[in-house]
Amino acid sequence: MIRCRGRDEGRPVGSAAPRSAPASYLPDCAGAYVLAIALPAALRMTISRRADRGAAVLPAGRYLYCGSARGPGGLRARIARHLRRRKTLRWHVDRLTTRGRVVAVWAIPDGDECALVASLAGLPVPLPGFGSSDCRGCASHLLAWPDGVDLPLGPPTLRLV
C-alpha cells in the first residue's frame, strides 16, 4: 500500500479501486498521474501558435496522458477535474477529456510526469508538444496506446469502465 509521505490520513493507492470508485479515493498529496483516454472520434486540435506545431488531427483511439499535480488538493483535485466533462478548457488534455472518456487512472504520490513518459518509451507520440510545452526533455506528454500493448504501470488506481 502506498500512502502520501508525511500524511497519516493519506488514502491507499497501491491496488485498484472498485470500478465505481470516485476520485475521492485518491490521495490529496502532490504527485504524477497517467490518464488512459478513449477517444471515439477524430479530434482536430491546435496545440501551439507556432507554425511547426499548428493544427493537427488526433485519430480515434486510445491515449495515455502523463501529468503532474502539485497544487492545492494534489492528485485528488487534479484528477477529479480531469474526470469532469464540463470545465473551462485550460490545458491541452482538457480537449481530450471533454471529447473522449477517461477509462483508467494511475496515481503516483511524489511521482514525476517526465519519469512516467520515460517509462512508457517506445509508445508512439501522436502530437509533439502536447502537454509538454514547459518540458525540455519530453517530445510529448501524450502517447498513443495501441491495442495489445501492455503497460509497465501495474494495475490502475482507478478503473472507470
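Which residue of E6 is the bridge partner of Tyr63? In the predicted model examined here, that partner is Ala144. The pairing of E4 with E6 is antiparallel and extends over three bridges. Strand E4 also pairs with E1, again in the antiparallel sense, and here nine bridges join the two strands. Tyr63 takes part in this second pairing as well, since in E4 the bridge partner of Ile37 is Tyr63. Tyr63 is thus a residue for which a bridge partner can be named in E6, namely Ala144, and for which another can be named in the pairing with E1, namely Ile37. As to solvent exposure, E4 is mostly covered, with seven of its nine residues buried.

The aromatic side chains were considered next. A pair of aromatic rings is described by two quantities, the distance of the centres and the angle of the planes. The count of aromatic pairs in the model comes to three. In one of them, Tyr33 and Tyr65 adopt a tilted arrangement, with 6.3 Å from centre to centre and 50° between the planes. Because Tyr33 belongs to strand E1 (residues 31–39) and Tyr65 to strand E4 (residues 61–69), this pair ties together parts that are 32 residues apart in sequence. Tyr33 and Tyr65 are both buried. Together with Phe130, these two tyrosines make up one aromatic cluster.

A further contact involves Trp106 and Trp145, whose ring centres are 6.4 Å apart and whose planes stand at 75°, so that the pair is classed as edge-to-face, the class for angles over 60 degrees. Trp106 is located in strand E5 (residues 101–109), whereas Trp145 is found in the loop between strand E6 (142–144) and strand E7 (158–159), and the pair therefore ties together parts that are 39 residues apart in sequence. The relative accessibility of Trp106 is 6%, and this residue accordingly counts as buried; Trp145, at 16% relative accessibility, also counts as buried, the limit for this class being under 20%.

Charged side chains were also found over aromatic rings. Arg62 lies over the face of Trp145, at 3.9 Å from the ring centre, so that Trp145 is contacted by this arginine in addition to its edge-to-face pairing with Trp106. In a separate case, the ring of Trp91 has the charged end of Arg90 over it, 5.3 Å from the ring centre.

How values were computed:
Residues are numbered from 1 along each chain as its sequence is written. This is a predicted model: local features need pLDDT of at least 70, side-chain atom pairs count only at pLDDT 80 or more; totals for chains, interfaces and linings use all residues. Side-chain values use heavy atoms; hydrogens and water are left out. Rings of Phe, Tyr and Trp (its six-membered ring) pair if their centres lie within 6.5 Å; planes under 30 degrees apart count as stacked, over 60 as edge-to-face and the rest as tilted. Helices (H or I, at least four residues) and strands (E, at least two) are DSSP runs, numbered from the N terminus. Buried means under 20% relative accessible area, exposed over 50%, partly exposed in between (1.4 Å probe, protein chains only). A charge sits over a ring if NZ of Lys or CZ of Arg is within 6 Å of the ring centre and within 35 degrees of the ring normal. Two strands pair if DSSP finds at least two bridges between them.
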